[in-house]
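Work through the exercises below with the model open in a viewer. Each task is followed by a solution in steps.

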Amino acid sequence: MIGVNGKFFQIKADGIAYPVDDSMKTPFAMVTFFESDKTLIIGELLDYKGLERYLDDLLPTRNIFYVIKIEGNFTYIRTRSVPRQNKPYPLLAEVVKDQPVFEFHHLRGTIIGFRCQII
């Protein structure tokens, strides 16, 4: 589930973001009221590993959670969605082995995520 600007969406196994009803429940959520502490302009093209290094160099410590919001034009994005599970619930490590993966090319959008690397 994704919540942005007071609107919530469920990304189903078909890769489409569906608006959710206020009565919907979720088994897990990481939620915050986003207020930017710092705004930067990245002046170079970065792949995933380059972005990780860039962010790691900026963060004062890796031992707390950060919310990262990136707005921009992306030449390539790869996403995934874990499909709904039924009892008996398998371990998440098993479910993600067969999760649907979606690839997008040349789009403009916003990426929001949590970053924490316990060291």
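The exercises cover salt bridges, a charge over a ring, and a cavity.

This is a predicted model, in which local features need pLDDT of at least 70, side-chain atom pairs count only at pLDDT 80 or more, and totals for chains, interfaces and linings use all residues. Residues are numbered from 1 along each chain as its sequence is written, and side-chain values use heavy atoms, with hydrogens and water left out.

**Exercise 1.** Find the salt bridges of Asp56 and state which residues they link in a network.

Solution.
- Step 1: Apply the criterion, a side-chain nitrogen of Lys or Arg within 4 Å of a carboxyl oxygen of Asp or Glu. The structure holds five such salt bridges.
- Step 2: Take Arg115, whose side chain meets that of Asp56 in a salt bridge at 2.7 Å, N to O. This pair links distant parts of the chain, 59 residues apart: Arg115 is in strand E5 (residues 101–115) and Asp56 in helix H1 (residues 48–58). Helices (H or I, at least four residues) and strands (E, at least two) are DSSP runs, numbered from the N terminus.
- Step 3: Take Arg62, which also forms a salt bridge with Asp56, with the closest N and O atoms 3.9 Å apart.
- Step 4: Join the two pairs: Asp56, Arg62 and Arg115 are linked in a network of salt bridges.

**Exercise 2.** Classify Asp56, Arg115 and Arg62 as buried, partly exposed or exposed.

Solution.
- Step 1: Set the limits: buried is under 20% relative accessible area, exposed over 50%, and partly exposed in between (1.4 Å probe, protein chains only).
- Step 2: Asp56 has a relative accessible area of 15% and is therefore buried. Arg115 and Asp56 are both buried.
- Step 3: Arg62, at 31% relative accessibility, counts as partly exposed.

**Exercise 3.** How far apart, N to O, are the side chains of Glu94 and Lys97 in their salt bridge?

Solution.
- Step 1: The N to O distance in this salt bridge is 3.1 Å.
- Step 2: Glu94 is partly exposed at 43% relative accessibility, and Lys97 is exposed, with a relative accessible area of 57%.

**Exercise 4.** Which residue lies over the face of Tyr18?

Solution.
- Step 1: Use the test for a charge over a ring: NZ of Lys or CZ of Arg within 6 Å of the ring centre and within 35 degrees of the ring normal.
- Step 2: Lys12 lies there, at 4.9 Å from the ring centre.

**Exercise 5.** Describe the lining of the largest cavity by residue class.

Solution.
- Step 1: The lining includes Asp56, Arg62 and Arg115, along with Leu59 and Tyr66.
- Step 2: Count Ala, Val, Leu, Ile, Met, Phe, Trp, Tyr, Cys and Pro as nonpolar, Asp, Glu, Lys and Arg as charged, and the others, Gly among them, as polar. The lining then divides into four nonpolar, two polar and three charged residues.

Technical notes:
On a 1 Å grid over the protein atoms alone, a cavity is a set of points where a 1.4 Å probe fits but cannot get out, and a pocket is an open set with protein on both sides within 12 Å along at least five of seven lines; lining residues have an atom within 4 Å of a point.
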